[in-house]
Amino acid sequence: MLFNSYQFLIFFPVVTLLYFLLPHKFRWLHLLAASCFFYMSFIPVYILILFFTIIIDYFAGILIESHSGPHKKKYLIASLVANIGVLAVFKYYNFFIDNSNQLLAHFGFTACHLPYLSILLPIGLSFHTFQAMSYTIEVYRGHQKAERHMGIYALYVMFYPQLVAGPIERPQNLLHQFREYHPFDSQKLLEGLRLMAWGFFKKIVIADRLSLYVNAVYNHPDDYHYLNLLIATLFFSIQIYCDFSGYSDIAIGAARTMGFHLMTNFNRPYFSKNIQEFWKRWHISLSTWFKDYLYISLGGNRKGLKRMYFNLSVVFLLSGLWHGANWTFIIWGALHTLYIISYLIIKNHSKIKWPGFVNSRLPGMLFTFILTTLAWVFFRANNVHDANTIISHILTMDTKNAFVSVVQSASSIEFGPSSFVIALSMICLMFVFERLVPANLFSLNKKPLTDIIFLSFISVLIISLGVFYNNSFIYFQF
């Protein structure tokens, strides 16, 4: 079920209302049933995959806690193999087979083609797989007690607001909340509704409008002028931020209306003045997951600079692969590897200095935005060939008939001057708002009149300027 669907407009208030009407002892069951219904609205049979990993990890957690030594590690490994195995089969098997077949054909083994699997990737598989793995790892490290209530544990994995696209929660933050009594709190309800409204604004008014232009241009890059490609690339940088952070805002807000607190997943990343700061602000739940469970486990920065750079390379390359089974994502990860290591080399060597203007806030923000936007080309392109085409055409800077080309193409893809004006004005409104208003806006105590004005204003913008095509969220594919 999409957040930006009419079904959710019914689902959300009904689930929230029943949550407060039910006795505390039945609330976990209500939320679990609602979460199952939410997930089964996509492809019902795939909920069996979730049940499979939930059962394995539930018993693995208990066995890990009750054993020590090699047996304890054995159960952790079994749990991780099961989770990664499911992810590998559904997400990476065909990618591996395709590249293996190409490699075999290159060496003349044309008769040895390996079979493909005709399966669809379950919605949000990477997200709930990582959340499940964080549970068994934390139990193994002694930071979390094994959950004995299977229903509560299942709800930890399946909690509907963050089930399919995060934030990727840690058990220490979320599990105990399902046991706590959350009385109705009008302040938390308003906090959640404010955050949800802002998320819907970013998704429906900005991201879905920009997608009309981006999809048309990126699906046929050879048919467009360099200026079209440049505009589409800049638009996608904004689209993916509004789409994904918008989802996170809605998820965190929906949970908060019932008294639950999910972690912050975005902290105005395009205001970062360097690439290191960007990754502290973008998709925080994933970047901290890789930091805590992979980067530090590999040695982090404790074994010298060369080992640190190697560890960072592994993290970013795997982060790229986590996003999708395509060379475009691996290249995206490799570019960010290059960015972060280059930045750290210059930062850690006193004899090498960035140009003075880069260290100031505004030029640094612009430089970081350019770097991330270049990488987004590979993230969005359908394949490496298209990405290379887009970049090469942009770099030609052929200004001949540029304006005419943009005007003609805008009419052909139904993105005329009015759409440009709406898109640009709403983008400016969003960035000005996020720049001027404190980051903790939605946790501040507000007067009822302020809430009414804010919610009314955002609602008017959504209803009057929104694009209502039930567009899926970009990160659902991961």
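The legends below describe close-up views of a predicted model.

Local features were taken where pLDDT is at least 70 and side-chain atom pairs only at pLDDT 80 or more, whereas totals for chains, interfaces and linings use all residues. Residues are numbered from 1 along each chain as its sequence is written, and side-chain values use heavy atoms, with hydrogens and water left out.

**View 1. A nonpolar patch on the surface includes V14 and F468.**
The patch is formed by Y6, L9, I10, V14, L17, L18, L21 and F468, which together have about 840 Å² of accessible area. Patches are made of residues with over 30% relative accessible area and no salt bridge, with like charges joined within 9 Å and nonpolar side chains (Val, Leu, Ile, Met, Phe, Trp, Tyr) within 5 Å. Accessible areas come from the Shrake-Rupley method with a 1.4 Å probe, and for residues only the protein chains shown count as cover. V14 is in helix α1 (residues 6-21), while F468 is in the segment after α18 (448-465). Helices (H or I, at least four residues) and strands (E, at least two) are DSSP runs, numbered from the N terminus. A residue is buried under 20% relative accessible area, exposed over 50%, and partly exposed in between (1.4 Å probe, protein chains only). V14 counts as partly exposed because its relative accessibility is 42%. F468 is also partly exposed, at 41%. The C-alpha atoms of V14 and M365 are 43 Å apart, with their positions 351 residues apart along the chain.

**View 2. Aromatic rings pair across distant parts of the chain.**
Rings of Phe, Tyr and Trp (its six-membered ring) pair if their centres lie within 6.5 Å; planes under 30 degrees apart count as stacked, over 60 as edge-to-face and the rest as tilted. The count by this rule is 59 aromatic pairs. One of them is the tilted pair of Y19 and F260, at 5.8 Å centre to centre and 55° between the planes. Y19 is in helix α1 and F260 in the loop between α9 (226-257) and α10 (275-281), 241 residues apart. Y19 is buried because its relative accessible area is 2%, and F260 is buried at 1%. F236 and W376 form an edge-to-face pair, at 6.2 Å centre to centre and 80° between the planes. F236 lies in helix α9 and W376 in helix α14 (residues 361-380), so this pair ties together parts 140 residues apart in sequence. Both F236 and W376 are buried.

**View 3. Charged side chains lie over the rings of Y19 and W322.**
A charge sits over a ring if NZ of Lys or CZ of Arg is within 6 Å of the ring centre and within 35 degrees of the ring normal. The charged end of R27 is 4.5 Å from the centre of the Y19 ring. K91 lies over the face of W322, 5.4 Å from the ring centre.

**View 4. R179 and E147 are joined by a salt bridge.**
Side chains of opposite charge can pair when their charged atoms come close. A salt bridge is a side-chain nitrogen of Lys or Arg within 4 Å of a carboxyl oxygen of Asp or Glu. The whole structure has nine salt bridges. In the bridge between R179 and E147, the N to O distance is 2.3 Å. R179 is in the loop between α7 (171-174) and α8 (186-219), and E147 is in the loop between α5 (125-141) and α6 (150-158), 32 residues apart. R179 is partly exposed because its relative accessibility is 46%, whereas E147 is buried at 7%.

**View 5. Salt bridges link helices α8 and α9.**
E191 and R256 form a salt bridge, with their closest N and O atoms 3.8 Å apart. E191 belongs to helix α8 and R256 to helix α9, 65 residues apart. Both are buried. D249 and K202 also meet in a salt bridge, at 2.8 Å from N to O. D249 lies in helix α9 and K202 in helix α8, 47 residues apart, and both of these residues are buried. Salt bridges that share partners join K202, D249 and E434 into one network.

**View 6. H261 lies in the loop between α9 and α10.**
H261 is partly exposed because its relative accessible area is 36%. Leaving aside neighbours within four places in sequence, H261 is in contact (heavy atoms within 4.5 Å) with N173, Q177, K188 and R256.
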